[in-house]
Amino acid sequence: MNERRADPALLGYAENVSPSEAYAELQADPLAVLVDVRTSAEWSYVGLPDLSQVGKRVIALEWQHFPDGTLNTSFVEQLREAGVDGGNPVYFLCRSGVRSAAAAKAATAAGLGPAYNISDGFEGQLGSDGHRAVAGWKAEGLPWRQG
């Protein structure tokens, strides 16, 4: 089964999308939001997506706390406080698509979204050279800025 187009009931959220697909939807739908679930250190040292060209801001909300890696047990509550609700598309982004999938599942379970996982994340998986430059938001040339 193609994981990207898997049945939402099996995924636990709407769908996996590429960074370019997510950016296109964020441009097209004024109600769509992007939630970056990486840590504060990643935002500061690796960078953040830049949605200023489409008149939006990124919601930066840790799925796991830095530096200890504990789960953010207030994540869903904080999503709601940030204005995320049911009926509007929410695109979740992490480094490589693992934490964002978990966040999309949690949002879906709470009745938020539809929730989408940006499967390649901000930096993508490791390439054969050991670097994260083969896929993801940055590798696809989408707008971003240094945190």
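Student: Why is Trp144 called partly exposed?

Tutor: In this predicted model, Trp144 has a relative accessibility of 33%. Buried needs a value under 20% and exposed a value over 50%, so Trp144 at 33% counts as partly exposed.

Student: What makes the pair of Phe122 and Trp144 edge-to-face?

Tutor: Two values settle that one. The ring centres of Phe122 and Trp144 are 6.0 Å apart, and a pair needs centres within 6.5 Å. The planes stand at 85°, and over 60 degrees counts as edge-to-face, so the name fits. This pair also links distant parts of the chain: Phe122 is in the loop between β6 and β7, Trp144 is in strand β7, and they are 22 residues apart.

Student: Is Phe122 buried or exposed?

Tutor: Phe122 is buried, with a relative accessible area of 0%; the limit for buried is under 20%.

Student: Which charged residues sit over these two rings?

Tutor: Arg38 lies over the face of Phe122, at 4.2 Å from the ring centre. Over the ring of Trp144 sits the charged end of Lys138, 4.2 Å from the centre. The distance limit for a charge over a ring is 6 Å, and both contacts also come under the name because the charge lies within 35 degrees of the ring normal.

Student: How do you know that Arg38 and Asp36 form a salt bridge?

Tutor: Their side chains meet at 2.7 Å, N to O, and the cut-off is 4 Å, so the pair qualifies. Arg38 and Asp36 are both buried.

Student: How many salt bridges does the structure hold?

Tutor: The structure holds two salt bridges. Besides Arg38 with Asp36, there is Glu42 with Arg99, at 2.9 Å, N to O.

Student: Why does the pair of Glu42 and Arg99 tie together separate parts of the sequence?

Tutor: Glu42 belongs to helix α3 (residues 40–45) and Arg99 to helix α5 (residues 99–109), so the bridge joins parts that are 57 residues apart in sequence.

Student: What makes Glu42 and Arg99 buried?

Tutor: Glu42 has a relative accessible area of 13% and Arg99 has 15%. The limit is under 20%, so both are buried.

Student: Which other residues of α5 are buried, and what do they pack against?

Tutor: Along with Arg99, the buried residues in α5 are Ser100, Ala101, Ala103, Ala104 and Ala107. The buried residues of α5 pack against α3, α4 (75–81), β5 and β6 (113–118). After the helix comes Gly111, whose phi is positive, near 85°.

Student: Which residues of the largest nonpolar core touch the most other members?

Tutor: The largest core has 20 residues, and Val35, Val37, Phe75, Leu79, Val84 and Phe92 touch the most other members. At least two residues come from each of α4, β5 and α5, and α5 supplies the largest share, four residues.

Student: What is Leu79 in contact with, leaving aside neighbours within four places in sequence?

Tutor: Leu79 is in contact with Val35, Leu61, Val84, Phe92, Ala107 and Leu112. There is also a second, separate core of 16 residues, which includes Tyr23, Leu26, Ile118 and Leu142.

Student: Why are Tyr91 and Tyr116 called stacked?

Tutor: The structure holds five aromatic pairs. For Tyr91 and Tyr116, the ring centres are 4.7 Å apart and the planes meet at 15°. Planes under 30 degrees apart count as stacked, so this pair is stacked. Tyr91 lies in strand β5 and Tyr116 in strand β6, so the pair ties together parts 25 residues apart in sequence.

Student: How do you know that both tyrosines are buried?

Tutor: Tyr91 has a relative accessible area of 4% and Tyr116 has 17%. Both values meet the limit of under 20%, so both residues are buried.

Student: What makes Pro89 buried, and what is Pro89 in contact with?

Tutor: Pro89 is found in strand β5 (residues 86–93). Its relative accessible area is 12%, and buried means under 20%, so Pro89 is buried. Leaving aside neighbours within four places in sequence, Pro89 is in contact with Asp29, Leu31, Ala32, Val33, Pro114 and Tyr116.

Student: Why do the buried residues of α2 line one face of the helix?

Tutor: In helix α2 (residues 19–28), Pro19, Ala22, Tyr23 and Leu26 are buried. Seen down the axis of α2, they fall within an arc of 100°, so they line one face. They pack against β1 (15–17), β2 (33–36), β5 and β6.

Technical notes. Residues numbered from 1 in each chain as written. Predicted model: local features only at pLDDT ≥ 70, side-chain atom pairs only at ≥ 80, totals over all residues. Heavy atoms only, no water. Buried < 20%, exposed > 50% of the residue type's maximum accessible area, 1.4 Å probe, protein only. Contact = heavy atoms within 4.5 Å. Core = buried A, V, L, I, M, F, W, Y, C linked by side-chain atoms within 4.5 Å. Arc of directions from axis to C-beta.
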